[in-house]
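Reader: Hey, got a minute to go through this model with me? I'll just throw questions at you as they come up.

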Amino acid sequence: MARFDGVQDSEVRGLLERATVEMRGGDPTSAVRTCCEAFVRVISMRPELLEANLPADEKIHHQQFPRLGANLVSVDGAAEFEFARERFSLSDAITYLDFTTDVSLREKL
């Protein structure tokens with residue numbers, strides 16, 4: 001797993017830390033929702049990431065926000081999530097946490 005310690009934005013780092021605690025505490029569904037909250041914050045700081053992470057056939061899917069039931073959508077140009085599932089597994093939470101952390105670090109947030 002990527003380490004969130006290097007994330008400079010205190011709000012994103014705090015959300016990633018909270019997601020880690022939720023995941024380790026046996027609540028992967030809350031961890032996924034917290035990762036989504038963190039990703040919305042990331043997009044608020046880097047708006048160009050919204051379009052880059054929306055589903056499209058010509059885009060490379062492994063470079064976009066994972067589509068495991070928490071689906072990133074644009075509502076009037078703002079990032080939101082639609083949840084296709086009520087519960088998420090530990091592996092889902094790890095995937096969302098890793099992706100959000102990696103993007104945050106890569107974008108130097």
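Reader: Is C36 buried or exposed?

Author: C36 is buried, with a relative accessible area of 2%. Buried means under 20% relative accessible area, exposed means over 50%, and partly exposed is in between, using a 1.4 Å probe and protein chains only. Before we go on: this is a predicted model, where local features need pLDDT of at least 70 and side-chain atom pairs count only at pLDDT 80 or more, while totals for chains, interfaces and linings use all residues. Residues are numbered from 1 along each chain as its sequence is written, and side-chain values use heavy atoms, with hydrogens and water left out.

Reader: Good to know. How many disulfides does the structure hold?

Author: Zero. A disulfide here is a pair of cysteine sulfur atoms within 2.5 Å.

Reader: Why is there no bond from C35 to C36, its closest cysteine by sulfur?

Author: Because the sulfur of C35 is 7.0 Å from the one in C36, too far for a bond. C35 counts as buried as well, at 1% relative accessibility.

Reader: Which other residues in α2 are buried?

Author: Besides C35 and C36, the buried residues of α2 are P28, T29, A31, V32, T34, A38, F39, V42 and I43. Helices (H or I, at least four residues) and strands (E, at least two) are DSSP runs, numbered from the N terminus. For the pattern, keep in mind that an α-helix has 3.6 residues a turn, so residues three or four places apart point the same way.

Reader: What covers that buried side of α2?

Author: The cover over the buried residues of α2 includes α1 (10–24), α3 (48–53), β1 (70–75), β2 (78–83) and α4 (90–106). Contact means heavy atoms within 4.5 Å.

Reader: And what about the helix span, how does α2 do against the expected value?

Author: It agrees: the 18 residues of α2 (residues 28–45) should span 26 Å at 1.5 Å a residue, and the end C-alpha atoms are 26 Å apart. The expected span is 1.5 Å times one less than the number of residues.

Reader: Ok, hydrophobics. How many residues are in the largest nonpolar core?

Author: The largest one has 30 residues, and F39, F65 and L72 have the most contacts inside it. α1, α2, α3, β1, β2 and α4 each supply at least two residues of this core, and the largest share, eight residues, comes from α2. A nonpolar core is a set of buried Ala, Val, Leu, Ile, Met, Phe, Trp, Tyr and Cys residues joined through side-chain atoms within 4.5 Å.

Reader: What does L72 touch?

Author: Leaving out residues up to four places away in sequence, L72 touches F39, I43, L50, N53, L54, P55, F65, A79, E80 and F81.

Reader: N53 catches my eye there. Where is it, and is it buried or exposed?

Author: N53 is found in helix α3 and counts as buried, at 4% relative accessibility. Its side chain reaches the backbone nitrogen of F65 at 2.9 Å.

Reader: Back to F65, then. Which ring does F65 pair with edge-to-face?

Author: F65 forms an edge-to-face pair with F99, at 5.7 Å centre to centre and 85 degrees between the planes. That pair links distant parts of the chain: F65 is in the loop between α3 and β1, F99 is in helix α4, and they are 34 residues apart. F65 is buried at 3% relative accessibility, and F99 is buried at 13%. Rings of Phe, Tyr and Trp (its six-membered ring) pair if their centres lie within 6.5 Å; planes under 30 degrees apart count as stacked, over 60 as edge-to-face and the rest as tilted.

Reader: How many aromatic pairs does the structure hold?

Author: Eight. Ring pairs link F39, F65, F81, F83, F88, Y96 and F99 into a cluster.

Reader: Switching to backbone. What is phi of D76?

Author: Phi of D76 is near 55 degrees, a positive value in a residue other than glycine. Most residues other than glycine have a negative phi. D76 lies in the loop between β1 and β2 and counts as exposed, at 82% relative accessibility.

Reader: Last one, where is K108, and what about its phi?

Author: K108 is in the segment after α4. K108 has a positive phi of about 55 degrees although it is not a glycine, and K108 is exposed, with a relative accessible area of 63%.

Technical notes. Polar contact = N/O pair within 3.5 Å; in protein donor to acceptor, adjacent residues only side chain to side chain.
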